[in-house]
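Here are my notes for you to read with the structure open beside them. Take the points one at a time and find each piece on screen as you go.

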Amino acid sequence: MGVKKIKSALISVFNKDGLDEIVKNLDKNGVTIYSTGGTQAFIEGLGINVERVEDLTSYPSILGGRVKTLHPKVFGGILNRRGLEKDQEQIAEFEIPELDLVIVDLYPFEDTVASGAAHQDIIEKIDIGGISLIRAAAKNYEDVVIIPSMDNYEEFNAILEARGAETSLEERKSFARDAFQVSSHYDTHIFNYFNQGEKEVFKQSINQAQVLRYGENPHQKGIFHGDMDAMFDKLHGKELSYNNLLDVDAAVNLMGEFKNDAPTFAILKHNNACGVATRATILEAYNDALAGDPVSAFGGILISNTTIDVPTAEEIHKLFCEVVIAPGYDAEALEILKGKKNRVILVQKDIELPKRQFRTILNGVLEQDKDFITDEIKNFEPRTEAKCSEQELKDLEFANKLVKHTKSNTIILAKNGQLLASGTGQTSRVDALRQAIHKAQSFDFDLKGAVMASDAFFPFPDCVEIADKAGITAVIQPGGSIKDQLSIDYCNENNVAMVFTGNRHFKH
């Protein structure tokens, strides 16, 4: 127990980067090193003596490298309990050397799957010997040091340089904890590859984590589990908060609807869009998005689907905003935006986002597919005598993209590729509509000729009647109510066009 001296080590790794300094420090401290194959050749290339595992086991590497270290003389050397007399008698009887240190990594299974490799190539990247060595050494952490990943090299090498080949029980236990994280993460990804959603179990594992200043409120701890660097290049500003990340997520998902469209700009607040516009230039798009609700835009999250130029940056700089996201920035535009010390500036990378969503609830987790349906004009089902104009169809498509990303119950009012107003998170769809109309009118928008989108069907004709009297001329909704005909009849009687999508877009 307590401090232990490393006298012998087994090293067998797939990736040799960063290993040389550790090997040199072990050799300097008189540690006997056992190794296999490519790792053995690497160590010998450093001019350091190494014992071959094949000589220890009297078996060569067989089955194309599938079996190298799976032998009692290896695992006995790792798993024997130094303080247990019976164990010591047996390792003496079978001439098993004690192994005090195991350095091993695993075949790159995740990377191989991500590369699109063939199934058999993926299968060959399921590590057997390595995972067994990791678990064995971690189980016997009271006597053995396990270094299960390159991520541990720096910490372990610092220990070697500070104290020679000695480790404390606390250090060994810490490395063992990391080892079981490595093994559980590895097995989770193998299971999910085989499972493909067929067995309904919840298994997820993410290695990267970022501790946030706090959670939703200052008294709550917050952590982001994920690889932020894979998602964004952060060019400027303070650390993102928990609430920032929720808004950034909402912004990214919303703008995903407009990825290949004309220049589009969106401003979000509390996960909902308060301004969106599609225009010929990004400057026009920004100005019209801001006009949608210049009050709520204060302290908001801004996102563009195209590079931000100097004129747009000059306008953005006049507004206090938390985060700006774009696929790129002109050099001078970036310098303008950096003029606010805390403003976060992100370049969004083109990566594939997860296809599943998770949410903790009660004593478990809800899981669902993400809503990837984007309703297009070609799929609209006209249900009224009045037909939509070409512009109304474009506006209905635009509005329905927004309704999908706004809290239910929701109503979206739009005109000429611009969000006029939304009613969000209301317990009544009528209340959502009245909220949207009031908001649009408060910013002096003319609703005559505007369109309305609803995230769910109308069980009564009250919403289309209110919309009609406000000047709205076209409506998009999923349909599906047993009383759909009531809304259709009202529209027919009052020359309002209505189309169905067949797809509900609740967002709770």
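**Notes on the model**

1. Before anything else, keep in mind that this is a predicted model. Everything below is computed from it.

2. Start with the open sheet, which has five strands. Reading across, the order is β4-β3-β2-β5-β6, and the pairing is parallel. As background, strands of a sheet pair through backbone hydrogen bonds, either parallel or antiparallel. Which strands sit at the edges? They are β4 (51–52) and β6 (145–147), and each of them pairs on one side only.

3. Now zoom in on one end of that order. Strand β5, residues 101–104, runs parallel to β6, and three bridges join the two. If you'd like a pair to click on, try I103: its bridge partner in β6 is I147.

4. Next, have a look at the second largest pocket, which holds about 510 Å³ of space. Its lining is made up of 26 residues, and G65, R66, K68, Y107 and D127 are the ones nearest the centre. What kinds of residue form the lining? There are 10 nonpolar, 10 polar and six charged ones. Two helices to look for here are α2 (37–45) and α8 (129–139), since each supplies at least two residues of this lining.

5. Stay with α8 for a moment, as it also meets helix α10, residues 169–195. Their axes come within 9 Å and cross at roughly 150 degrees. Angles over 145 degrees count as roughly antiparallel, so that is how α8 and α10 are arranged relative to each other. As for handedness, α8 passes α10 in a left-handed crossing.

6. Compare that with another helix pair further along the chain. The axes of α17 (residues 429–442) and α18 (residues 462–470) come within 9 Å and cross at roughly 10 degrees. Are these two roughly parallel or roughly antiparallel? Angles under 35 degrees count as roughly parallel, so α17 and α18 are roughly parallel to each other. Their crossing is right-handed.

7. Finally, there's a neat hairpin to find. Strand β16 (residues 356–361) and strand β17 (residues 364–369) run antiparallel, joined by six bridges. One bridge to pick out links Q357 to its partner in β17, Q368. How many residues lie between the two strands of the hairpin? Just two, and L362 in the turn has a positive phi of about 50 degrees.

Definitions and conventions
Residues are numbered from 1 along each chain as its sequence is written. This is a predicted model: local features need pLDDT of at least 70, side-chain atom pairs count only at pLDDT 80 or more; totals for chains, interfaces and linings use all residues. Side-chain values use heavy atoms; hydrogens and water are left out. Two strands pair if DSSP finds at least two bridges between them. Helices (H or I, at least four residues) and strands (E, at least two) are DSSP runs, numbered from the N terminus. On a 1 Å grid over the protein atoms alone, a cavity is a set of points where a 1.4 Å probe fits but cannot get out, and a pocket is an open set with protein on both sides within 12 Å along at least five of seven lines; lining residues have an atom within 4 Å of a point. Grid points are joined across faces, edges and corners, and a volume is the space filled by probe spheres set on the points. Ala, Val, Leu, Ile, Met, Phe, Trp, Tyr, Cys and Pro count as nonpolar, Asp, Glu, Lys and Arg as charged, and the others, Gly among them, as polar. Axes are lines fitted to C-alpha atoms, for helices over the stretch in contact, and angles run from 0 to 180 degrees between N-to-C directions. Angles under 35 degrees count as roughly parallel, over 145 as roughly antiparallel, 65 to 115 as roughly perpendicular and the rest as oblique. A crossing is left-handed if the near helix is turned anticlockwise from the far one by less than a right angle, and right-handed if clockwise.
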